[in-house]
Amino acid sequence: MRFDLLTVVLALTLAGGPVAAQVSQGPVQQTVGSFDDKFRQFEGEDWPTPTDYRNASGAPGYRYWQQQVDYDIDVSLNEAGRSLTGVETITYTNNSPDQLGYLWLLLDQQNYRRASLAERSRTVGADTTLTVPEVLRVQRFQDWEGGFNDLKITGADGRDLTFSITDSLLRIDLPETLGTGESFSFTIAFTLPLPETRVVGGRSGYECFTREWEDGNCIFLAAQWFPRLAAYSDYEGWHNAQFLGSGEFTLEFGDYNVSITVPADHQVSATGALQNPDILTAAQRARLEQSRTADEPVYIVTPAEAAAAETSPARSGTRTWTFAAENVRDFAFASSRKFIWDAMGVEQDSIEHPVVMAMSFYPKEARPLWGAWSTKAVAHTVDVYNQFSITYPYPTAQSVNGPVGGMEYPMITFNGPRPLRGDDGSLTYTERTKAGLIGVIIHEVGHTYFPMIINSDERQWTWMDEGLNSFLQYQAEKLWDADFPARGEPRQIVEYMISENQVPVMTQSDSILQFGNNAYAKPATALNILRETIMGRDLFDRAFREYAQRWAFKRPTPYDFFRTMEESSGMDLDWFWRGWFYSTDHVDIALDNVVAVSLESIDLQERARAARARFEDEPVSRTVSNNRGIETVVEADPATRDYYNETDRFTVTASQRRDSERARTGADADRRQALSFDDNVYRFTFSNRGGLVMPVILKLNWSDGSDEIIRIPAEVWRRNSRQVTWQHVSAKTLVSAEIDPLWETADADRANNGFPQSIQPTLVPLAPQGPQSPNRMRDDDRRVTPDSLRPRAVAQ
Ligand SMILES: [Zn+2]
């Protein structure tokens, strides 16, 4: 309080002009201030200047453009050789205002080259362990290498085009500069060895079931399998960051026609809609039709049909499956004779796609989990994501079981979980596998929205797809089952938020530490808190939907997201992005102190009584109390007593009575009014120990047994982000108070949230004894007897 008064006085003096000279009597002594403006605006600092292409409100600008890239591809799977052979004709349309002299393409599979940037810059832990997977991977690369081979690139006239490869990027020099609005068509022939996913890892590849009890057949997952055009954007030009493994990719939208030639008895799942349904049997076509209106998944390929293919695979012959997909940014497929296929239509409010076909493809090893939940999880994802973002714009949404734990491409996802097979052949599954299966399907199908439609740059910003998608995954999981072990609850993120070795969420993908927590859980939790605690569902949902709808089939940046959330809701959230996305601070708000202030009573007698009562509550002097029983002089001799022995400092004097009467009846109406105030004023001092400014959610427990929760906005920290005092007035009497009583802000230390502080009980197990010391004799099965070692003297 005094500090504030002092400031005001000083300010008045300084404002007085020439008088200000009086403060500079010697060198100016100014300490370095510690003020940290956590509410500073990002405009003009970290956020780029808006342009005609993307405007200041976070929407595409009036001159927004993006490139169009269409593909016609013929590919065949060589099952025995575990490879693909393909020819693609690409039509590139330049919608940019720029003249292009060359094109860049992504060759993501080049990171399976031994000399790739990814392999050469691979780092390992500094410990001295060697695991079986590590050794198997090293061995595989000694005799196998991935990446595109036999590349031949020709123009529409059949003439070779000049190209060069820089690690995982391929540059084609155009014969003539490509102007605005012009198109260029060219053809690339290639072969591609597929990686064995289990051994070398990755997002695609094959898995063969070759253990003694298995049928010997394989599942093939083809992804990032053809040379794809790199993105060219208004804010970055060519997106030609190399593929290092973590940062996935971003591509251009276009139309695809893809013919996939596979062994005659394979079933194929792919991006898009099947163009030659005659490839199915009449019975299968009838089931597919029936499944469109079914309430439960319907088998298109039954377990019995898949088992028949497994036991007597076609020895020769191929079939060509043809798929078309409009306005997608990539194309993936899966192929196997092991596939069981089930499907169910999902109705939605759309003229173009009133029914989306939710479909699953899986081997018998994935039963019974996949039959029970996969297609239903796909359908549920479409329902929930449609509510939160955009109506699903494609005809199919597919979930394929194979060797990839979880990966997404437009309309098709690869998901790994299967039940456990015991040595005796028994099947079980853990609670975690069940949740993992449903969760990963929701997650990967959700990626069809983010980033396959809301086309953020994954290679740069992992959180923009993983974080936003994990947030919606959490919503979908909690709408599947309130008890679902979903990730995204504020209390779950605390351990990460206080951990060492963190980087901000706004970090380029390949440099992220603690990847899952950084790019998935933290942004998902942040958005959850933003929705439930800071913005409220109405404002958040409207803004989030606006972001999705603005940027569907377009290319948003983080700033477009941040700006849209603020512009749509009318809330300044720069402080929130700064804390959760740009810093590694955590939330820890402490309730340091509570002071209760109330006006003294205007009744002098009552005031004196209260003061005397307070005094009498104080403990008596130790000396006086130990002297008890010894008669003092004033007790023994009444003649020594006078007025002062009969009154004390609480006695109301005649002069006080006169002053009080003047105040009560005086002419100062404001003062008379103020004197009638008999509420309690509570002053709460909060300190921000974690660094992250957040709303203070304060529960007040009153003496009448009632309580209330007050939500103090984060702006309370705007003048001092470290410690503030805030006031609340009530007729009630406060007994205790608590910060964040509903555990909704990820407050890391709850021990400092209460006032008065309470004891936090901790239950610990009895500490175990240390390990036994080494005993080589015991371990070598040697023993002694009491007689086996004797003093020499006793020996005979
Ligand atoms: Zn993901």
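Let's start in a loop: asparagine 501 sits in the stretch between α10 (490-497) and α11. Keep in mind that what you're looking at is a predicted model. Asparagine 501 has a phi near 60°, a positive value in a residue other than glycine. Is asparagine 501 buried or exposed? With a relative accessibility of 60%, it counts as exposed, because the cut-off for that label is over 50%.

Asparagine 327 is another residue to look up. Its phi is positive too, about 55°, although it is not a glycine. Asparagine 327 lies in a strand, β17, which covers residues 318-328. At 30% relative accessibility, asparagine 327 counts as partly exposed, because that value falls between the 20% and 50% limits.

**Along helix α11**

Now follow the chain into α11, residues 515-535. Where does this helix bend? There's a kink of about 35° at alanine 521, shortly before proline 523. Helix α11 is mostly covered, with 17 of its 21 residues buried. Right after α11 comes glycine 536, and its phi is positive as well, near 85°.

**Two cis peptide bonds**

Next, have a look at two peptide bonds that lead into prolines.

| Cis peptide bond | Omega | Where the proline is |
|---|---|---|
| Arginine 367 to proline 368 | about 5° | loop between β20 (355-362) and α7 (369-388) |
| Phenylalanine 450 to proline 451 | about 15° | loop between α8 (431-446) and α9 (462-480) |

**Glycine 81 and tyrosine 112**

Which elements flank glycine 81? Its loop runs between β1 (68-78) and β2 (83-93). Glycine 81 has a relative accessible area of 43%, so it is called partly exposed. Try finding proline 193 as well: it is 112 residues away from glycine 81 in sequence, yet the two C-alpha atoms are 7.9 Å apart in space.

Tyrosine 112 also belongs to a loop, the one between β3 (100-106) and α2 (117-120). This residue is buried, because its 8% relative accessibility is under the 20% cut-off. What does tyrosine 112 touch, once you leave aside its neighbours within four places in sequence? The contacts include Phe141, Trp144 and Glu145, along with Pro195, Val200 and Arg203. Several glycines are on the list too, among them Gly146 and Gly201. Glycine 272 makes a useful landmark here: it is 160 residues from tyrosine 112 in sequence and 28 Å away in space, C-alpha to C-alpha.

**Zooming out**

Time to take in the whole chain. You'll find 21 helices and 32 strands in it. A compact globule of 796 residues would have a radius of gyration near 28 Å, but this chain has 37 Å. Along the principal axes, its C-alpha atoms fill a box of roughly 130 × 105 × 60 Å.

How much of the chain is buried? Buried residues make up 48% of the 796. The chain exposes about 40,300 Å², and carbon and sulfur atoms supply 51% of that area.

Contacts show how the chain folds back on itself. Take the contacts between residues at least 6 apart in sequence: 75% of them join residues at least 24 apart.

Finally, there are the charges. The chain carries 77 positive and 110 negative ones, and the mean positions of these two sets are 5 Å apart.

Methods. Residues are numbered from 1 along each chain as its sequence is written. This is a predicted model: local features need pLDDT of at least 70, side-chain atom pairs count only at pLDDT 80 or more; totals for chains, interfaces and linings use all residues. Side-chain values use heavy atoms; hydrogens and water are left out. Helices (H or I, at least four residues) and strands (E, at least two) are DSSP runs, numbered from the N terminus. The radius of gyration is taken over C-alpha atoms; the globule rule is 2.2 Å times the number of residues to the power 0.38. Buried means under 20% relative accessible area, exposed over 50%, partly exposed in between (1.4 Å probe, protein chains only). Contact means heavy atoms within 4.5 Å. Accessible areas come from the Shrake-Rupley method with a 1.4 Å probe; for residues, only the protein chains shown count as cover. Lys and Arg count as positive and Asp and Glu as negative; His and the chain ends are not counted. The place of a charge is taken as NZ of Lys, CZ of Arg, CG of Asp or CD of Glu. The bend at a residue is the angle between axes fitted to the seven residues ending there and the seven starting there.
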